[in-house]
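Dear colleague,

Please find below the structure that I am handing over to you. My findings follow directly after it, and I would be grateful if you read them with the model open.

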Amino acid sequence: MGRSEVTDFQIQWVNETGSTNADLLAAARQGAEADAVLAAEYQSAGRARRGRSWSAAPESSLLFSVLTRPRIDVARAHLVTTALALGAVEACDSLAGVRPGLKWPNDLVVADRKLAGVLAESVVTGDRLEAVVVGMGLNVRTGATPPEVADTAVALEDVCGAAVDREELLAGVLAGFSQWMDGIEMPSGQAALVAAARRESATLGQQVSVQLCDGSVLEGLAQDLDDGGALVMEGGARVVVGDVVHLRGR
(Lines give C-alpha, C1' and ligand atoms only; values in the text may rest on other atoms or scores of the structure.)
Protein backbone atom coordinates (compact mmCIF):
# COMPACT_ATOMS: atom_id res chain seq x y z
CA MET A 1 0.00 0.00 0.00
CA GLY A 2 2.81 2.41 0.70
CA ARG A 3 4.52 4.34 3.47
CA SER A 4 3.46 7.06 5.84
CA GLU A 5 4.89 8.77 8.92
CA VAL A 6 3.47 9.18 12.40
CA THR A 7 5.73 11.22 14.66
CA ASP A 8 9.10 9.42 14.40
CA PHE A 9 7.73 6.15 13.07
CA GLN A 10 8.30 4.86 9.56
CA ILE A 11 5.18 2.90 8.64
CA GLN A 12 4.89 0.40 5.83
CA TRP A 13 1.56 -1.18 4.89
CA VAL A 14 1.51 -4.44 2.95
CA ASN A 15 -1.42 -6.40 1.60
CA GLU A 16 -0.26 -9.73 3.02
CA THR A 17 2.59 -11.28 4.94
CA GLY A 18 3.16 -14.31 7.11
CA SER A 19 3.73 -12.44 10.36
CA THR A 20 4.60 -8.78 10.90
CA ASN A 21 6.47 -9.77 14.07
CA ALA A 22 8.57 -12.33 12.22
CA ASP A 23 9.36 -9.85 9.45
CA LEU A 24 10.54 -7.15 11.87
CA LEU A 25 12.50 -9.62 13.99
CA ALA A 26 14.42 -10.60 10.87
CA ALA A 27 14.97 -6.93 10.06
CA ALA A 28 16.14 -6.25 13.63
CA ARG A 29 18.74 -9.02 13.40
CA GLN A 30 20.00 -7.43 10.18
CA GLY A 31 20.49 -4.07 11.93
CA ALA A 32 17.28 -2.21 11.06
CA GLU A 33 16.77 0.99 13.01
CA ALA A 34 14.19 1.44 15.74
CA ASP A 35 10.71 2.85 15.08
CA ALA A 36 10.03 0.79 11.96
CA VAL A 37 6.37 -0.23 11.79
CA LEU A 38 4.95 -2.94 9.56
CA ALA A 39 1.16 -3.16 9.14
CA ALA A 40 -0.61 -5.83 7.11
CA GLU A 41 -4.09 -6.22 5.70
CA TYR A 42 -3.77 -9.96 6.24
CA GLN A 43 -1.40 -12.30 8.06
CA SER A 44 -1.22 -15.89 6.89
CA ALA A 45 0.84 -17.00 9.89
CA GLY A 46 -0.05 -14.53 12.63
CA ARG A 47 1.17 -15.51 16.07
CA ALA A 48 -0.04 -15.17 19.62
CA ARG A 49 1.49 -16.20 22.93
CA ARG A 50 2.91 -19.71 23.44
CA GLY A 51 3.03 -20.40 19.71
CA ARG A 52 -0.70 -20.06 19.15
CA SER A 53 -1.97 -18.73 15.83
CA TRP A 54 -3.78 -15.43 15.34
CA SER A 55 -6.25 -15.38 12.44
CA ALA A 56 -8.29 -12.48 11.07
CA ALA A 57 -10.13 -11.95 7.79
CA PRO A 58 -8.40 -9.57 5.33
CA GLU A 59 -8.93 -5.86 6.09
CA SER A 60 -10.97 -6.63 9.20
CA SER A 61 -8.39 -5.89 11.88
CA LEU A 62 -5.49 -3.63 12.70
CA LEU A 63 -2.46 -5.93 12.41
CA PHE A 64 0.95 -4.36 12.97
CA SER A 65 4.31 -4.63 14.70
CA VAL A 66 6.84 -2.06 15.92
CA LEU A 67 10.62 -2.45 16.16
CA THR A 68 12.10 -0.85 19.28
CA ARG A 69 15.61 -0.75 20.74
CA PRO A 70 15.18 0.41 24.34
CA ARG A 71 18.17 0.46 26.67
CA ILE A 72 16.59 -1.61 29.44
CA ASP A 73 17.28 -4.91 31.17
CA VAL A 74 16.04 -8.07 29.51
CA ALA A 75 13.81 -8.67 32.55
CA ARG A 76 11.98 -5.41 31.80
CA ALA A 77 11.36 -6.07 28.09
CA HIS A 78 7.72 -6.92 28.80
CA LEU A 79 7.12 -3.25 29.66
CA VAL A 80 7.23 -2.54 25.92
CA THR A 81 4.08 -4.69 25.67
CA THR A 82 2.49 -2.60 28.42
CA ALA A 83 3.39 0.62 26.61
CA LEU A 84 1.72 -0.54 23.38
CA ALA A 85 -1.35 -1.83 25.20
CA LEU A 86 -1.79 1.50 27.02
CA GLY A 87 -1.41 3.40 23.76
CA ALA A 88 -4.19 1.26 22.29
CA VAL A 89 -6.46 1.82 25.32
CA GLU A 90 -6.09 5.57 24.93
CA ALA A 91 -6.54 5.51 21.13
CA CYS A 92 -9.72 3.41 21.32
CA ASP A 93 -11.08 5.81 23.92
CA SER A 94 -10.28 9.00 22.00
CA LEU A 95 -11.26 7.76 18.52
CA ALA A 96 -14.16 5.40 19.25
CA GLY A 97 -15.33 6.28 22.75
CA VAL A 98 -14.46 2.76 23.91
CA ARG A 99 -11.99 2.28 26.76
CA PRO A 100 -10.95 -1.38 26.93
CA GLY A 101 -9.45 -2.91 30.03
CA LEU A 102 -6.12 -4.70 30.24
CA LYS A 103 -6.43 -8.41 30.91
CA TRP A 104 -3.11 -9.56 32.33
CA PRO A 105 -0.71 -10.18 30.77
CA ASN A 106 -1.33 -9.00 27.21
CA ASP A 107 -4.97 -8.69 26.09
CA LEU A 108 -7.37 -5.78 25.68
CA VAL A 109 -10.92 -6.68 26.64
CA VAL A 110 -14.37 -5.11 26.60
CA ALA A 111 -16.85 -6.69 29.03
CA ASP A 112 -14.38 -9.60 29.30
CA ARG A 113 -14.45 -10.22 25.53
CA LYS A 114 -11.14 -10.01 23.70
CA LEU A 115 -10.65 -6.91 21.57
CA ALA A 116 -6.90 -7.19 20.97
CA GLY A 117 -3.83 -9.22 21.76
CA VAL A 118 -0.25 -8.02 22.10
CA LEU A 119 2.87 -10.12 21.56
CA ALA A 120 6.46 -9.00 22.23
CA GLU A 121 9.51 -10.92 21.04
CA SER A 122 13.09 -9.97 21.81
CA VAL A 123 16.52 -10.14 20.22
CA VAL A 124 19.06 -10.80 22.99
CA THR A 125 22.84 -11.09 22.78
CA GLY A 126 24.36 -12.50 25.95
CA ASP A 127 22.58 -10.57 28.67
CA ARG A 128 22.01 -7.51 26.48
CA LEU A 129 18.65 -6.61 25.00
CA GLU A 130 19.28 -5.69 21.37
CA ALA A 131 15.69 -5.14 20.22
CA VAL A 132 12.06 -5.74 21.10
CA VAL A 133 9.46 -6.28 18.39
CA VAL A 134 5.95 -5.80 19.73
CA GLY A 135 2.91 -6.65 17.65
CA MET A 136 -0.82 -6.15 18.02
CA GLY A 137 -3.90 -7.65 16.45
CA LEU A 138 -6.95 -5.48 17.17
CA ASN A 139 -10.40 -6.49 15.91
CA VAL A 140 -11.89 -3.44 14.17
CA ARG A 141 -14.56 -4.27 11.61
CA THR A 142 -18.00 -5.65 12.32
CA GLY A 143 -17.71 -9.33 11.49
CA ALA A 144 -13.98 -9.42 12.26
CA THR A 145 -14.52 -12.17 14.80
CA PRO A 146 -15.67 -15.56 13.44
CA PRO A 147 -18.87 -17.11 14.85
CA GLU A 148 -16.99 -19.72 16.87
CA VAL A 149 -15.43 -17.01 19.08
CA ALA A 150 -18.41 -14.64 19.16
CA ASP A 151 -18.87 -15.24 22.89
CA THR A 152 -15.26 -14.48 23.76
CA ALA A 153 -14.16 -11.83 21.25
CA VAL A 154 -15.49 -8.48 20.07
CA ALA A 155 -14.70 -5.89 17.38
CA LEU A 156 -14.32 -2.18 18.01
CA GLU A 157 -17.05 -1.21 15.54
CA ASP A 158 -19.45 -3.62 17.23
CA VAL A 159 -18.96 -1.75 20.50
CA CYS A 160 -18.95 1.85 19.29
CA GLY A 161 -21.58 1.40 16.57
CA ALA A 162 -19.69 3.48 14.01
CA ALA A 163 -17.02 3.06 11.34
CA VAL A 164 -13.41 3.29 12.53
CA ASP A 165 -10.57 4.30 10.21
CA ARG A 166 -7.76 1.81 10.79
CA GLU A 167 -4.98 4.15 9.66
CA GLU A 168 -6.23 6.84 12.02
CA LEU A 169 -6.45 4.25 14.79
CA LEU A 170 -2.88 3.12 14.12
CA ALA A 171 -1.70 6.72 14.28
CA GLY A 172 -3.41 7.15 17.63
CA VAL A 173 -1.98 3.93 19.05
CA LEU A 174 1.54 4.86 17.97
CA ALA A 175 1.25 8.38 19.38
CA GLY A 176 0.32 6.99 22.79
CA PHE A 177 2.96 4.25 22.53
CA SER A 178 5.61 6.87 21.80
CA GLN A 179 4.69 8.86 24.89
CA TRP A 180 4.89 5.82 27.15
CA MET A 181 8.18 4.71 25.59
CA ASP A 182 9.75 8.12 26.24
CA GLY A 183 10.24 7.22 29.89
CA ILE A 184 10.77 3.47 29.71
CA GLU A 185 14.53 3.66 30.26
CA MET A 186 14.11 5.48 33.59
CA PRO A 187 12.88 3.96 36.87
CA SER A 188 10.24 6.68 37.16
CA GLY A 189 8.94 5.92 33.67
CA GLN A 190 8.80 2.19 34.39
CA ALA A 191 6.91 2.87 37.61
CA ALA A 192 4.46 5.07 35.70
CA LEU A 193 3.83 2.26 33.20
CA VAL A 194 3.04 -0.25 35.94
CA ALA A 195 0.85 2.27 37.79
CA ALA A 196 -1.15 2.90 34.61
CA ALA A 197 -1.48 -0.85 34.02
CA ARG A 198 -2.94 -1.15 37.51
CA ARG A 199 -5.46 1.60 36.81
CA GLU A 200 -6.56 0.10 33.50
CA SER A 201 -6.54 -3.51 34.68
CA ALA A 202 -9.57 -5.70 34.07
CA THR A 203 -7.90 -8.52 36.04
CA LEU A 204 -7.13 -7.03 39.45
CA GLY A 205 -9.89 -7.69 41.93
CA GLN A 206 -11.10 -10.72 39.94
CA GLN A 207 -11.11 -14.36 40.91
CA VAL A 208 -8.85 -15.95 38.31
CA SER A 209 -7.40 -19.23 37.17
CA VAL A 210 -3.78 -19.01 36.03
CA GLN A 211 -2.15 -21.75 33.99
CA LEU A 212 1.56 -21.66 34.70
CA CYS A 213 4.37 -22.64 32.35
CA ASP A 214 4.79 -26.03 34.00
CA GLY A 215 1.13 -26.86 33.33
CA SER A 216 -0.03 -26.39 36.93
CA VAL A 217 -3.00 -24.15 37.70
CA LEU A 218 -3.27 -21.49 40.39
CA GLU A 219 -6.66 -20.11 41.42
CA GLY A 220 -7.45 -17.16 43.63
CA LEU A 221 -7.90 -13.41 43.80
CA ALA A 222 -5.72 -11.31 41.51
CA GLN A 223 -4.68 -8.68 44.00
CA ASP A 224 -1.99 -6.44 42.53
CA LEU A 225 0.87 -5.93 40.10
CA ASP A 226 4.33 -5.73 41.61
CA ASP A 227 6.86 -3.07 40.64
CA GLY A 228 7.94 -5.13 37.64
CA GLY A 229 4.43 -5.81 36.38
CA ALA A 230 4.13 -9.40 37.62
CA LEU A 231 0.72 -10.52 38.85
CA VAL A 232 0.43 -10.83 42.63
CA MET A 233 -2.22 -13.21 43.95
CA GLU A 234 -3.92 -13.02 47.33
CA GLY A 235 -1.59 -14.74 49.72
CA GLY A 236 1.50 -13.37 47.99
CA ALA A 237 2.04 -15.79 45.09
CA ARG A 238 3.76 -13.94 42.25
CA VAL A 239 3.14 -14.89 38.61
CA VAL A 240 5.62 -13.67 36.01
CA VAL A 241 4.33 -15.74 33.07
CA GLY A 242 0.95 -17.43 32.79
CA ASP A 243 -2.40 -17.56 31.02
CA VAL A 244 -5.28 -16.01 32.97
CA VAL A 245 -8.97 -16.89 32.88
CA HIS A 246 -11.39 -14.64 34.76
CA LEU A 247 -13.70 -16.74 36.91
CA ARG A 248 -17.10 -15.09 36.94
CA GLY A 249 -19.67 -15.70 39.63
CA ARG A 250 -17.22 -16.95 42.28
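D112 is partly exposed, because its relative accessibility of 28% lies between the limits of 20% for buried and 50% for exposed residues. This residue is found in the loop between β6 and β7. Its phi is near 65°, which is a positive value in a residue other than glycine. Please bear in mind that the model is a predicted one.

D35 also has a positive phi, near 75°, and it is not a glycine. D35 lies in the loop that runs between α1 (20-29) and β3 (36-40). With a relative accessibility of 29%, D35 counts as partly exposed.

A further backbone feature concerns the peptide bond between W104 and P105, which is cis, with omega at about 5°. P105 belongs to the loop between β5 and β6 (107-110).

W104 and P105 also appear in the description of a pocket. The second largest pocket has a volume of about 710 Å³. Which of its 33 lining residues are the closest to its centre? They are H78, T81, W104, P105 and V240. At least two lining residues come from each of α2, β5 (101-103), β7 (113-125) and α5 (187-200). Sorted by class, the lining consists of 16 nonpolar, 9 polar and 8 charged residues.

I turn now to the interior. In soluble globular proteins, nonpolar side chains tend to be buried together. Here the largest nonpolar core holds 58 residues, and those that touch the most other members are F64, L108, L138, L156, L169, F177 and L231. The greatest contribution to this core comes from helix α2 (residues 78-96), which gives 11 residues. Apart from this core lies another one of 10 residues, including L24, L25, L67 and V133. Beyond its neighbours within four places in sequence, L108 is in contact with several residues, among them A85, A88, V89, L102 and L115.

L231, another member of the largest core, leads to the sheet. L231 in β11 stands opposite L225. Strands β10 (residues 217-225) and β11 (residues 231-233) run antiparallel and are joined by 3 bridges. They belong to an open sheet of 5 strands, with antiparallel pairing and the order β12-β11-β10-β9-β13. The edge strands, β12 (238-239) and β13 (242-246), each have a single partner strand, so one side of each is left without a neighbour in the sheet.

With kind regards

Terms used:
Residues numbered from 1 in each chain as written. Predicted model: local features only at pLDDT ≥ 70, side-chain atom pairs only at ≥ 80, totals over all residues. Heavy atoms only, no water. Pairing = 2+ DSSP bridges. Helix = DSSP H or I, 4+ residues; strand = E, 2+ residues; numbered from the N terminus. Core = buried A, V, L, I, M, F, W, Y, C linked by side-chain atoms within 4.5 Å. Buried < 20%, exposed > 50% of the residue type's maximum accessible area, 1.4 Å probe, protein only. Contact = heavy atoms within 4.5 Å. 1 Å grid on protein atoms, 1.4 Å probe; cavity = no way out; pocket = protein on both sides within 12 Å on 5 of 7 lines; lining within 4 Å. Points joined across faces, edges and corners; volume = space filled by probe spheres on them. Nonpolar A, V, L, I, M, F, W, Y, C, P; charged D, E, K, R; others polar.
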